[in-house]
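Good morning, and thank you for the time. I would like to take you through one protein model, from its overall make-up to some individual residues.

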Amino acid sequence: MTAGPVQEFACFTDFDKELVCHWKVPSQTNCSKEFLLCYSKEISSVLNVCVPENGKDTFRCTCTICPDYFVSSLTYFLALQFNGTHMWNYTVTPALVVKPRAPKNLAIEKAENGNFNLSWEESYSSSSMLSGQPVIYELKYWRKQHPTEISVKAINYQAKSFEITASSLRRGYDYVASLRCNYTDYPAYWSEWSEEVEFHYDYQVTAEDILQMAVPISCILIMAGSVICYFCFTK
């Protein structure tokens with residue numbers, strides 16, 4: 001949405017603690033002095049005021065609203081003021097703009113079969129609206145020395161762990177993994193990527209490696225033996 005000095009107005013929510021609205025503004029804008037965002041719930045005539053702050057990139061104003069509760073049917077009526085002048089009205093239904101919090105506490109350990117087990121936790125308490133809701137995950141991992149070569153895996157089932165197979169890795173490299181999530185009943189946005197976890201795939205020799213080396217060596221020895229026998233026979 002564009003109106004005067006405001007561009008790209010949008011809202012999203014973690015559907016647990018806060019509803020965040022932001023909009024793009026010209027550089028040098030002082031958001032807290034020039035703007036006010038008034039809001040009220042659909043079922044209430046009480047008008048509340050949010051004083052925006054400048055975003056980290058300085059080209060964006062951000063207002064954070066902390067409701068008492070979230071329900072699927074709740075709608076907010078917003079009214080934006082610029083230098084004391086009413087600009088326009090906007091409505092937002094939080095359930096339609098859910099951007100969940102990223103998974104937390106990623107951990108990884110090597111399994112006995114040589115694969116790597118990645119585990120994580122949901123970022124919502126049991127009292128949250130999203131707790132226990134159907135959720136899908138997306139995993140990405142890459143060699144730390146080659147960050148542009150990324151492997152992505154979709155985890156389309158309820159899980160709190162995933163096995164990264166050794167066959168998808170290259171020995172002797174450090175790897176980095178990260179995870180994000182999307183709640184299928186509230187699919188507007190994926191979460192941000194989680195904090196990264198690192199692991200190392202070492203050069204441990206396996207039975208398969210020994211077999212792979214033994215076969216060509218055996219063939220060479222057999223051929224060499226055959227050649228020696230041939231010369232001995234001809235003499």
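I shall begin with the basis of the model, then turn to the sheets, the aromatic residues and a few positions in loops and strands.

This is a predicted model, in which local features need pLDDT of at least 70 and side-chain atom pairs count only at pLDDT 80 or more, while totals for chains, interfaces and linings use all residues. Residues are numbered from 1 along each chain as its sequence is written, and side-chain values use heavy atoms, with hydrogens and water left out.

Let me start with the overall picture. The protein has two helices and 16 strands; these elements are DSSP runs numbered from the N terminus, helices being H or I with at least four residues and strands E with at least two. Of its 235 residues, 38% count as buried. Here, buried means under 20% relative accessible area, exposed means over 50%, and partly exposed lies in between, with a 1.4 Å probe and protein chains only. The accessible surface comes to about 13,900 Å², and 54% of that belongs to carbon and sulfur atoms. Those areas come from the Shrake-Rupley method with a 1.4 Å probe, and for residues only the protein chains shown count as cover. Among contacts with a separation of 6 or more, 61% are between residues 24 or more positions apart; a contact means heavy atoms within 4.5 Å.

Now to the sheets. One open sheet has four strands in the order β5-β4-β8-β9, with antiparallel pairing. Two strands are said to pair if DSSP finds at least two bridges between them. The edges are taken by β5 (48–50) and β9 (85–92); each has a single partner strand, so one side of each is left without a neighbour in the sheet. On average, neighbouring strands here are turned by 25 degrees against each other, direction ignored. For such angles, axes are lines fitted to C-alpha atoms, for helices over the stretch in contact, and the angles run from 0 to 180 degrees between N-to-C directions.

Within this sheet, what joins β4 to β8? Seven bridges link β4 (residues 35–41) to β8 (residues 76–82), and Y39 has L78 in β8 as its bridge partner. Towards β5, strand β4 has three bridges, again antiparallel, with L37 partnered by C50. Six of the seven residues of β4 are buried, so this strand is largely enclosed by the rest of the structure.

A further open sheet of four strands follows the order β13-β12-β15-β16, and its pairing is antiparallel. Its edge strands are β13 (150–155) and β16 (197–201), each with a single partner, so one side of each lacks a neighbour in the sheet. The twist averages 25 degrees from one strand to the next. Strand β12 (residues 135–143) pairs with β13 over six bridges in the antiparallel sense, and W142 stands opposite I150 in β13.

Next, the aromatic residues. There are 14 aromatic pairs in the structure. Rings of Phe, Tyr and Trp (its six-membered ring) pair if their centres lie within 6.5 Å; planes under 30 degrees apart count as stacked, over 60 as edge-to-face and the rest as tilted. One of these pairs is F9 with Y90, an edge-to-face arrangement at 4.8 Å centre to centre and 70 degrees between the planes. Because F9 lies in strand β2 (residues 6–13) and Y90 in β9, the pair ties together parts 81 residues apart in sequence. F9 is buried at 5% relative accessible area, whereas Y90 is partly exposed at 22%. Ring pairs also link F9 and Y90 with W23, F35, F82 and W88 in a cluster.

Two arginines sit over tyrosine rings. The charged end of R101 is 4.3 Å from the ring centre of Y124, and that of R143 is 4.7 Å from the ring centre of Y173. A charge sits over a ring if NZ of Lys or CZ of Arg is within 6 Å of the ring centre and within 35 degrees of the ring normal.

Finally, some individual positions. S73 lies in the loop between β7 (60–65) and β8 and is exposed, at 59% relative accessible area. From S73 to A95 the C-alpha distance is 7.4 Å, with their positions 22 residues apart in sequence counted as separation. N83, in the loop between β8 and β9, has a positive phi of about 50 degrees although it is not a glycine, and it is partly exposed at 49%. N105, found in strand β10 (residues 104–110), likewise has a positive phi, near 55 degrees.
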